[in-house]
Amino acid sequence: PNPFNPSTTIEFDVAKSANISLAVYDLTGKEIYSLANGYYVAGQYSVVWNATDSNGEDVSSGMYIYQLRTSESVMTKKLVLLR
């Protein structure tokens, strides 16, 4: 849910088995954290982002984008972190 603090759960469905990537980006388009990457069978999944970057450092308050990519589609949504 938005806004969140200190962590949020992102739920997603995979319609048919495929390689997927789910990543969080800042507003400049820089990848902050990779939440999921690899082959997923069809089903429902959830991952937790604890508002850290790939180095384990806390990110600052603000708006972030997460994007789920498959070979057939791209879904993009925003996240708002309030510390």
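**Note on the predicted model: sheet, aromatic pairs and selected side chains**

1. Strands β5 and β6 run antiparallel and are joined by 8 bridges, and the two strands form a hairpin with 4 residues between them. Within this pairing, Met 63 has Val 80 in β6 as its bridge partner. A reader new to the structure should keep in mind that this is a predicted model, and that each value discussed below was computed from that model.

2. The hairpin belongs to an open sheet of 4 strands, whose order is β3-β2-β5-β6 and whose pairing is antiparallel. The edges of this sheet are formed by β3, covering 31–40, and by β6, covering 74–81, each of which pairs on one side only. From one strand to the next, the twist averages 15 degrees.

3. Strand β2, made up of residues 18–25, runs antiparallel to β3 and is joined to β3 by 8 bridges; in this pairing Ala 18 stands opposite Tyr 40 of β3. Strand β2 is also joined to β5, by 5 bridges and again in antiparallel fashion, and here the bridge partner of Tyr 25 in β5 is Ile 65.

4. As for the aromatic side chains, the structure holds 5 aromatic pairs. One of them is formed by Phe 12 and Tyr 45, a stacked pair with 5.6 Å from centre to centre and 20 degrees between the planes. Phe 12 lies in strand β1 (residues 8–14) and Tyr 45 in strand β4 (residues 43–49), so the pair ties together parts of the chain that are 33 residues apart in sequence. The accessibility of the two rings is worth setting out: Phe 12 counts as buried because its relative accessibility is 5%, while Tyr 45, with a relative accessibility of 24%, counts as partly exposed.

5. What is the angle between the planes of the Trp 49 and Tyr 64 rings? The planes stand at 70 degrees and the ring centres are 5.6 Å apart, so this pair is edge-to-face. The pair also links distant parts of the chain, since Trp 49 is in strand β4 and Tyr 64 is in strand β5 (residues 62–69), 15 residues apart. Trp 49 counts as buried because its relative accessibility is 0%, and Tyr 64 counts as buried with a relative accessibility of 7%. Together with Phe 4, Trp 49 and Tyr 64 form one aromatic cluster.

6. A search of the whole structure for salt bridges finds 1. Glu 72 pairs with Lys 16 in a salt bridge, with the closest N and O atoms 2.9 Å apart. Glu 72 is in the loop between β5 and β6 and Lys 16 is in the loop between β1 and β2, so that the pair links parts of the chain that are distant, 56 residues apart. Are these two residues buried or exposed? Both Glu 72 and Lys 16 are exposed.

7. Gln 67 lies in strand β5, and this residue counts as buried because its relative accessibility is 14%, where the cut-off for buried is under 20%. Its side chain is joined to that of Arg 69 by a polar contact of 2.9 Å. Leaving aside residues up to four places away in sequence, Gln 67 touches Ser 21, Leu 22, Ala 23 and Tyr 25, and also Val 74, Met 75 and Thr 76. Of the strands already described, β2 covers residues 18–25 and β6 covers 74–81, which gives the reader a way to place these contacts on the sheet.

8. Which loop holds Thr 52? Thr 52 is placed in the loop between β4 and β5. Although Thr 52 is in a loop, the residue counts as buried because its relative accessible area is 9%. The side chain of Thr 52 makes a polar contact of 2.7 Å with the side chain of Asn 50. Not counting residues up to four places away in sequence, Thr 52 touches Ile 32 and Tyr 33, as well as Glu 57, Asp 58 and Val 59.

Key:
Residues numbered from 1 in each chain as written. Predicted model: local features only at pLDDT ≥ 70, side-chain atom pairs only at ≥ 80, totals over all residues. Heavy atoms only, no water. Pairing = 2+ DSSP bridges. Axes fitted to C-alpha atoms, helices over the stretch in contact; angles between N-to-C directions. Phe/Tyr/Trp six-rings, centres within 6.5 Å; stacked < 30°, edge-to-face > 60°. Buried < 20%, exposed > 50% of the residue type's maximum accessible area, 1.4 Å probe, protein only. Salt bridge = Lys/Arg side-chain N within 4 Å of Asp/Glu carboxyl O. Polar contact = N/O pair within 3.5 Å; in protein donor to acceptor, adjacent residues only side chain to side chain. Contact = heavy atoms within 4.5 Å.
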